[in-house]
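Here's a quick tour of how a protein model meets its DNA. Have a look at the picture first, then work through the points below.

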2 protein chains.
Amino acid sequence: MRWEELDRQPCSLARTLSVLGDRWTLLVIRDCFMGVRRFEQFEARLGIARHVLADRLKKLTEAGVLAKVPYQDRPRREEYRLTEKGLALHPALIALLDWGDRYMAGPEGPPVQRRHRTCGHVTHGVSVCSECGEPLDPREMSVEPGPGAPDDLPLPERSGKTR
Amino acid sequence: MRWEELDRQPCSLARTLSVLGDRWTLLVIRDCFMGVRRFEQFEARLGIARHVLADRLKKLTEAGVLAKVPYQDRPRREEYRLTEKGLALHPALIALLDWGDRYMAGPEGPPVQRRHRTCGHVTHGVSVCSECGEPLDPREMSVEPGPGAPDDLPLPERSGKTR
DNA sequence: TAGATTGAGTTCCGAAAAGGAACCTGTCAA
DNA sequence: TTGACAGGTTCCTTTTCGGAACTCAATCTA
């Protein structure tokens with residue numbers, strides 16, 4: 001499969017990765033959540049090649065994740081801000097971050113922590129069911145065709161007992 | 001910055017992406033959660049070049065996300081299974097999937113849905129605070145150095161008012 | 001018992017993407 | 001009129017990917 005076909009796959013993860021699934025994109029979005037908005041700031045913090053950065057920002061803007069907002073005229077300058085669609089990536093970023101905190105940190109612990117201002121505690125995200133509020137366990141979830149399923153949706157047979 | 005330096009960055013997201021941050025890896029893991037375990041199954045479902053698949057499976061195994069488990073001798077054959085570290089990616093997968101359901105689905109809706117067997121409802125994940133249980137809002141979280149922070153941790157200044 | 005099959009890769013080649021450095025374009029300030 | 005600043009583009013080299021063919025060991029199958 002070519003990478004450009006990914007956004008037409010009948011899978012929301014594949015479609016998500018057609019936007020976010022490369023080396024740099026999620027790091028750009030991480031920096032957006034940290035308040036970074038300008039080309040030079042992204043470049044300095046990420047150490048990314050300039051043309052790759054320009055390409056990623058363009059694609060994220062086209063995808064509606066970022067928006068270019070002018071912050072001065074003469075010369076016209078624009079900065080990149082998360083849209084509502086971009087802000088909605090927050091749970092996914094937190095989940096990836098929490099995984100890194102748990103499994104990729106050295107013995108000293110994670111380099112950065114997040115505090116929930118609402119309750120004042122250092123926090124990590126817990127993924128709960130939107131309906132009953134219980135934490136979601138992969139073994140307690142089943143996958144089924146949704147409203148937008150094509151006729152030939154390939155749901156794999158499980159080989160042997162479930163995981 | 002070179003890609004190989006990413007796992008030494010003082011950022012758990014960067015370290016996570018040093019393992020997961022490329023075109024195919026998260027799709028491989030998605031299939032693992034769907035019960036796929038064998039080389040040929042991955043190849044058939046993903047349409048990935050075989051040597052790229054071999055490389056990704058090797059790296060995921062080295063990273064401790066998958067484990068090679070023999071399922072027969074004579075001839076010896078091995079399959080790939082999620083370890084506990086791999087299973088812990090479930091919340092991140094769900095969060096990315098839910099984002100795709102909301103923002104990348106066509107007008108008919110998402111192609112696949114998940115049902116929470118515990119409560120019987122079609123569900124999506126909600127990310128809540130581990131301490132107070134309230135849903136996490138990016139505006140209510142602040143970032144600060146953690147126990148493993150280096151001395152020169154680059155937390156950006158916010159330019160202008162906070163988002 | 002020769003030949004096909006299966007599962008899990010490896011090799012090779014041309015195309016696409018990334019890394020790195022230099023260059024370009026308005027505008028203003030010295 | 002020279003320099004700085006912000007935000008890119010261009011060019012060239014190195015890596016990685018996509019696709020097809022090949023390998024290899026251990027069975028089935030005729």
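Tyr80(A) is a good place to start: a side-chain N or O atom of this residue sits 2.8 Å from a phosphate oxygen of DNA strand D. That makes a polar contact, meaning a pair of N or O atoms within 3.5 Å; inside the protein, one atom must be able to donate a hydrogen and the other to accept it, and residues adjacent in sequence count only if both atoms are side-chain atoms. Keep in mind that this is a predicted model, where local features need pLDDT of at least 70, side-chain atom pairs count only at pLDDT 80 or more, and totals for chains, interfaces and linings use all residues. Residues are numbered from 1 along each chain as its sequence is written, chains are lettered from A and ligands numbered from 1 in the order in which they are written, and side-chain values use heavy atoms, with hydrogens and water left out.

**Around DNA strand D**

- Arg56(B) also reaches a phosphate oxygen of strand D, with a polar side-chain atom 2.7 Å away.
- Pro75(B) uses a polar backbone atom instead, 3.1 Å from a sugar or linking oxygen of strand D.
- There are 20 residues around strand D, and Arg2(A), Arg50(A), Tyr80(A), Arg56(B) and Arg74(B) come nearest (near means that a heavy atom of the residue lies within 4 Å).
- H4(B) gives the largest share of this surface, four residues (helices are DSSP runs of H or I with at least four residues, strands are E runs of at least two, and both are numbered from the N terminus).
- Of the strand D atoms within 4 Å of the protein, 61% belong to sugar or phosphate and the rest to bases.

**Around DNA strand C**

- Here 23 residues surround the strand, and Arg56(A), Arg77(A), Arg50(B), Arg77(B) and Tyr80(B) come nearest.
- Glu40(B) points at a base: one of its polar side-chain atoms lies 3.2 Å from a base nitrogen of strand C.
- Tyr71(B) has a polar side-chain atom 3.3 Å from a phosphate oxygen of strand C.
- Arg77(B) has one 3.0 Å from a sugar or linking oxygen of strand C.
- Sugar or phosphate accounts for 63% of the strand C atoms within 4 Å of the protein, and bases for the rest.

**Inside the protein**

- Phe42(B) is in contact (heavy atoms within 4.5 Å) with residues including Val28(B), Leu53(B), Leu57(B) and Tyr80(B), leaving aside neighbours within four places in sequence.
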